[in-house]
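Work through the exercises below with the sequence and the model open. Each task is followed by a solution in steps.

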Amino acid sequence: MSLLDEVLKANEAYVADIIKEYGEAGMPSPKTPQRHIAILTCMDTRLVDLLERTMGINRGDANVIRVAGNCITDVFSDVIRSLVVSIYELGAKEIFIVGHEDCGMEKTCPEELSKRMIDRGISPEAITMIRCEMDRWANNFCHSEQNVIKAVAQLRQNPLIPNDVKIHGLMLNPYTSKLTLLVDGNKPNTELDSMAVCTCC
């Protein structure tokens with residue numbers, strides 16, 4: 001059985017359970033985040049299902065944005081676009097940036113990543129086309145905690161994020177599930193407001 005077949009089979013069983021419990025209309029769930037929260041976190045497999053439970057977040061409570069290393073690459077990156085929608089169209093009032101210990105991005109380097117891509121058939125010309133952005137993205141990630149703090153500073157300084165949105169920074173231990181507070185968005189922080197966060201190439 002292929003992975004696709006396994007997924008479709010699992011879905012079929014899950015749908016049957018949902019219909020049995022809720023009827024043909026399915027399980028009701030709000031479209032907007034009921035706790036007015038947007039979460040930016042990493043795509044790490046260890047955080048799947050775990051992150052929400054450690055934060056007491058249920059289905060319908062928050063918008064969750066997942067990217068490698070919870071990185072923000074520029075002033076209108078995909079992450080920022082998602083946050084703009086979450087804030088202005090869906091009503092998010094607080095942003096939680098949640099990094100995690102033992103993040104694979106700490107060991108990611110552009111040279112090795114480029115080599116692996118070429119080994120898989122990606123042309124060197126394609127690598128050259130994105131090399132500047134790849135270097136800026138991967139080389140700027142050195143330490144998980146510092147990356148969270150930098151991301152908070154980036155959002156605090158981003159002209160598209162309103163000042164009344166609180167931005168918090170936390171670290172998650174993927175083994176014990178403990179959250180450690182790095183930045184409390186309820187408090188003023190002039191250091192982050194003046195931190196150098198330029199993402200220019």
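**Exercise 1.** How many cavities of 30 Å³ or more does the structure hold?

Solution. The model is predicted. The structure holds one cavity of 30 Å³ or more.

**Exercise 2.** Describe the largest cavity by its volume, its lining and the classes of its lining residues.

Solution.
- Step 1, volume: the largest cavity contains about 120 Å³ of space.
- Step 2, lining: 13 residues line the largest cavity, and Cys71, Ile72, Trp137, Asn140 and Lys150 are the closest to its centre.
- Step 3, elements: two or more lining residues come from each of α5 and α6, the latter spanning residues 144–157. The element that gives the most is α6, with four residues.
- Step 4, classes: the lining of the largest cavity comprises five nonpolar, six polar and two charged residues.

**Exercise 3.** Do the same for the largest pocket, starting from its volume.

Solution.
- Step 1, volume: about 300 Å³ of space lies in the largest pocket.
- Step 2, lining: the pocket has 14 lining residues, and those nearest its centre are Cys71, Thr73, Asp78, Glu133 and Trp137.
- Step 3, elements: α3 (78–88) and α5 are the elements that give two or more residues to this lining. The largest share, four residues, belongs to α5.
- Step 4, classes: eight nonpolar, two polar and four charged residues make up the lining of the largest pocket.
- Step 5, cross-check: Cys71 and Trp137 are listed among the residues closest to the centre of the largest cavity, and both are listed again among those nearest the centre of the largest pocket.

**Exercise 4.** Are α4 and α5 roughly parallel or roughly antiparallel to each other? Give the handedness of their crossing and the residues in contact.

Solution.
- Step 1, geometry: helix α4 covers residues 110–119 and helix α5 covers residues 124–139; their axes come within 10 Å and cross at roughly 150°.
- Step 2, class of angle: angles over 145 degrees count as roughly antiparallel, and α4 and α5 are therefore roughly antiparallel to each other.
- Step 3, handedness: the α4 and α5 crossing is right-handed.
- Step 4, contact residues: α4 contributes Pro110, Glu111, Leu113, Ser114, Met117 and Ile118. From α5 come Pro124, Ile127, Arg131, Met134, Asp135, Trp137, Ala138 and Asn139.
- Step 5, classes: the contact of α4 with α5 consists of nine nonpolar, two polar and three charged residues.
- Step 6, link to the earlier exercises: Trp137 takes part in this contact and also lines the largest cavity and the largest pocket.

Conventions. Residues numbered from 1 in each chain as written. Predicted model: local features only at pLDDT ≥ 70, side-chain atom pairs only at ≥ 80, totals over all residues. Heavy atoms only, no water. Axes fitted to C-alpha atoms, helices over the stretch in contact; angles between N-to-C directions. Parallel < 35°, antiparallel > 145°, perpendicular 65-115°, else oblique. Left-handed = near helix turned anticlockwise from the far one by under 90°. Contact = heavy atoms within 4.5 Å. Nonpolar A, V, L, I, M, F, W, Y, C, P; charged D, E, K, R; others polar. 1 Å grid on protein atoms, 1.4 Å probe; cavity = no way out; pocket = protein on both sides within 12 Å on 5 of 7 lines; lining within 4 Å. Points joined across faces, edges and corners; volume = space filled by probe spheres on them.
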